[in-house]
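Please examine the sequence and the structure shown below. The paragraphs that follow lead through selected parts of the fold.

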Amino acid sequence: MIMNRSFDDNQNDFDKMWHFLLIDNRDKKEDFTWQVCRLGDWKFGLWNDLKLIPSFFRKNAQLWFDNNNLVGFVLSENGDNIIFIFTLKEYEFLYSEILNWTVENWGSRYKTLIIEIRESQKDQITILHQKGFQSKGIIATTRSYNLSSKASETINLPAGFRIVNLLENKDFRSKDMLALNAFENKNQINEFDLMKFEYSRESPAYDPMFDFSVITQEDVHVASCVGLMDKFNKISEIEKVCTHQDYRRLGLSESVIKHCFQKLYSAGFKRAYLTAYGKGADQLYEKLEPITRQHWLHYELKLNNS
């Protein structure tokens, strides 16, 4: 019997969603919806202060079960009107039911509801059209890279810089300050910021051995990326690619990503993925010569909420 309920930490729902995505990636291969890496960020990445309130996850994730086995779910990544729907391969018939539930139960929160979906999900896109959703075009592109072809690529790191992982240089303040500068245009960091970054590293996909930085001769972190890992499927999602504003246009992000490619390959990983939501990232990730590209689309439904 299929039933649904809201996310519940007390019932180990995060672990169930984690296992769900491992199986989803195994079965759908390049047509997966998310990797476990992104789910880890959803739970442990406190970039939205609303996530500090435990009810955030209960309010923004609904799970579908068949005889206690998780077979589908819907979530809002940031507590906003951008929604993701997941079904196992053999339960894709649930997509329409989950979509209807989402419109009926979450639609009153917003003026519009946006479904973010891969371009390869043709049947689901047909359902969205039938329900009155309109395409808003491409919002992002996920590129995949064959790590065996990256193993011997030359890394052109400018003189005076070197690449280390977070075990080799444990200056968390400098590391976290880099991210705040690159993503939020900030030049100061406080203890609460440091605690949020520390918590983000509790994701099961995270390993400090694959958290890389370009550092200066003074050991200051100036560019970075993290190879988040799905060890079950031997694939990685490279995330948090960033460069300090004072060190851009030196090729540092390209160098640290290539270094990450090589270290992942040495550890037995076969494939890595990078997702670009902006023009700069799009150009950089294309320069790295992916073997496949998948576009993400936004489909929007206007709601009659005042």
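In this predicted model, a useful starting point is Met-17, which, apart from its neighbours within four places in sequence, is in contact with Phe-7, Leu-39, Trp-42, Leu-63, Leu-70, Phe-73 and Leu-75. Met-17 is also one of the residues with the most contacts inside the largest nonpolar core, a set of 55 residues. Trp-34, Leu-39, Trp-42, Phe-73, Leu-75 and Ile-115 are likewise listed among those with the most contacts there. Helix 1, residues 13-28, gives the most to this core, contributing 6 residues. Another core lies apart from it and has 26 residues, including Tyr-145, Cys-225, Leu-264 and Phe-269.

Attention may now turn to Cys-37, which is found in helix 2, residues 36-44. Its relative accessibility is 1%, and because buried means under 20%, Cys-37 counts as buried. Leaving aside neighbours within four places in sequence, Cys-37 is in contact with Ala-205, Leu-228, Met-229, Asp-230 and Glu-237. Cys-37 and Glu-239 are separated by 202 residues in sequence, yet their C-alpha atoms are 8.8 Å apart in space.

A further feature is the packing of two helices. Two packed helices are described by the angle between their axes and by the distance between those axes. Helix 8, residues 252-266, packs with helix 9, residues 279-287, at an angle of about 50°, and the axes are 11 Å apart. The two helices are therefore oblique to each other, and helix 8 passes helix 9 in a right-handed crossing. Ser-253, Glu-254 and Ile-257 of helix 8 make the contact with Leu-284, Tyr-285 and Lys-287 of helix 9. By character, the residues of this contact comprise 3 nonpolar, 1 polar and 2 charged.

Key:
Residues are numbered from 1 along each chain as its sequence is written. This is a predicted model: local features need pLDDT of at least 70, side-chain atom pairs count only at pLDDT 80 or more; totals for chains, interfaces and linings use all residues. Side-chain values use heavy atoms; hydrogens and water are left out. Helices (H or I, at least four residues) and strands (E, at least two) are DSSP runs, numbered from the N terminus. Buried means under 20% relative accessible area, exposed over 50%, partly exposed in between (1.4 Å probe, protein chains only). Contact means heavy atoms within 4.5 Å. Axes are lines fitted to C-alpha atoms, for helices over the stretch in contact, and angles run from 0 to 180 degrees between N-to-C directions. Angles under 35 degrees count as roughly parallel, over 145 as roughly antiparallel, 65 to 115 as roughly perpendicular and the rest as oblique. A crossing is left-handed if the near helix is turned anticlockwise from the far one by less than a right angle, and right-handed if clockwise. Ala, Val, Leu, Ile, Met, Phe, Trp, Tyr, Cys and Pro count as nonpolar, Asp, Glu, Lys and Arg as charged, and the others, Gly among them, as polar. A nonpolar core is a set of buried Ala, Val, Leu, Ile, Met, Phe, Trp, Tyr and Cys residues joined through side-chain atoms within 4.5 Å.
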